[in-house]
Amino acid sequence: MNTIDKFNEHVMGTYGRYDVVMEKGSGRTAIDENGREYIDFGSGIGTNSLGYCDEDWAEAVCAQVKAIQHTSNYYYTKVQADFASKLAEVTGYDKMFFGNSGAEANECAIKIARKYSFDKYGKDAKRYNIITLVNSFHGRTVTTLSATGQDVFHNYFFPFTEGFINVEANNIGDLKAKLDDSVCAVMMEFIQGEGGVNPLDKAFVDEVFKLCAEKDVLVIADEVQTGAGRTGTFLASEQYGVKPDVTTLAKGIAGGVPVGVCLANEKCAGVLSKGTHGSTFGGNPLACAGGLVVVNKVSSEGFLDEVNKKAEYIRSKLAEMDEVAGVDGLGLMMGIRLKTKSAADLCKACLDNGLLVLTAKDKLRLLPPLNITYDEIDRGIEILKGLLV
Ligand SMILES: *Cc1c(COP(=O)(O)O)cnc(C)c1O
């Protein structure tokens, strides 16, 4: 039986997959079981920040696997300490919790927000609502689905977790009307990823921070997709000139091994006390080893300048294509607005022509590996040109 049939016989059909079996990769090129090569402009949904099997990354992960692959959270490991310390240095957040995915990082943020208010204002204050934005995406667990501001996700799995209120992105009036004494946090993506690569306005972000500061409401930034250098700064919040109380990371932070991080500022650092949160795999040594290499590289001298230069180069090439109405997003997080063509059809056509891209709603989404070379960019752009001109 071929791989696809065997796979479908036993793995739940929760994804719409293309009929391609990926076997290996090197640089920014994935190779399928038939030896066909694909330039990667998708990074496994923004995850393979350093492309496929980066030498330093692979070496660190392999060395860790051979040293100690896991120990329970009853004990300490050096690699987790090193990863945490480097992340603290780079992000300016002193405290963090490690999980294994974006949804878990967000669950942790939600627990921090609710317990922060519970501890400070008491149970009777019922200060537990969290404002999230229309069209947001925060994950697939029951609670993060609740947090996700898209009705299509609020189906089948009733009853959902209560306590989420949606505000329209960039609508300050809506925010003011809903930010009452029942609210403990506002949670948002600076650029909605799955929602269509939609950046928030600076004025809206400033208003969120101003109102939240006045009311002692926490600001949670879901940087699962925008973080780890994706937008040209280590965190997208840097470009908005703000520091959220809590920031979550996952996707690109560890280069393709599963890590979710919930970063907390001083105000929230002690909220999750002993016994209030945990994860068997959280902070797993091989995941931390991968993460440490990514953070070291992305924060190294000149790396993000290169990311920004490449982003500008790609954007200038895209602007020359007839079918491109515009490109949204920041850095190497791009949502291409199309004039006439369907993003889904184009995504498939790219695949057929040897290029991996993504969609986000009706846009073609590009999340190339952060260390992609100009030669690889040019090869990908050539394929796009053939389809978009
Ligand atoms: C992908 C994503 C998530 C969910 O991450 P998982 O690792 O799939 O749980 C949450 N928030 C944002 C902004 C994302 O892009």
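Which polar backbone atom is 2.8 Å from an oxygen atom of the ligand? One such atom belongs to glycine 102. The views below are taken from a predicted model.

**Figure 1. Polar contacts of the ligand with Gly102, Ala103 and Asp222.** Glycine 102 offers a polar backbone atom at 2.8 Å from an oxygen atom of the ligand. Alanine 103 also contributes through its backbone: an N or O atom lies 2.8 Å from a ligand oxygen. Aspartate 222 uses its side chain instead, where a polar atom sits 2.7 Å from a nitrogen atom of the ligand. On its own the ligand exposes 390 Å², and the protein buries 82% of that area.

**Figure 2. The shell around the ligand.** The ligand is surrounded by Ser101, Gly102, Ala103, Asn106, Phe137, His138, Gly139, Glu189, Asp222, Val224, Gln225 and Lys251. By class, the shell residues divide into six polar, three nonpolar and three charged. Which helix gives the most to this shell? Helix 5, residues 102–121, does, with three residues.

**Figure 3. Buried residues of helix 12.** Helix 12 covers residues 343–352. Its buried residues are Ala343, Leu346, Cys347, Ala349, Cys350 and Leu351. Just after the helix comes glycine 354, with a positive phi of about 90°.

**Figure 4. Packing partners of helix 12.** What do the buried residues of helix 12 pack against? Five strands and one helix are shown in this view: strand 3 (37–40), strand 14 (334–338), strand 15 (355–356), strand 16 (358–360), strand 17 (363–366) and helix 13 (374–388). Cys347 and Leu351 are among the buried residues of the helix.

**Figure 5. The whole chain, as context for the close-ups.** The chain holds 13 helices and 17 strands. Along its principal axes, the C-alpha trace spans about 60 × 50 × 50 Å. A compact globule of 389 residues would have a radius of gyration near 21 Å; the chain has 21 Å, so the two agree. Of the 389 residues, 54% are buried. The exposed surface of the chain is about 17700 Å², and carbon and sulfur atoms supply 51% of it. Contacts reach far along the sequence. Among those between residues at least 6 apart, 71% join residues at least 24 apart.

Definitions and conventions: Residues numbered from 1 in each chain as written. Predicted model: local features only at pLDDT ≥ 70, side-chain atom pairs only at ≥ 80, totals over all residues. Heavy atoms only, no water. Near = heavy atom within 4 Å. Polar contact = N/O pair within 3.5 Å; in protein donor to acceptor, adjacent residues only side chain to side chain. Areas by Shrake-Rupley, 256 points an atom, 1.4 Å probe, with all protein chains shown as cover. Helix = DSSP H or I, 4+ residues; strand = E, 2+ residues; numbered from the N terminus. Nonpolar A, V, L, I, M, F, W, Y, C, P; charged D, E, K, R; others polar. Rg over C-alpha atoms; globule rule 2.2 N^0.38 Å. Buried < 20%, exposed > 50% of the residue type's maximum accessible area, 1.4 Å probe, protein only. Contact = heavy atoms within 4.5 Å.
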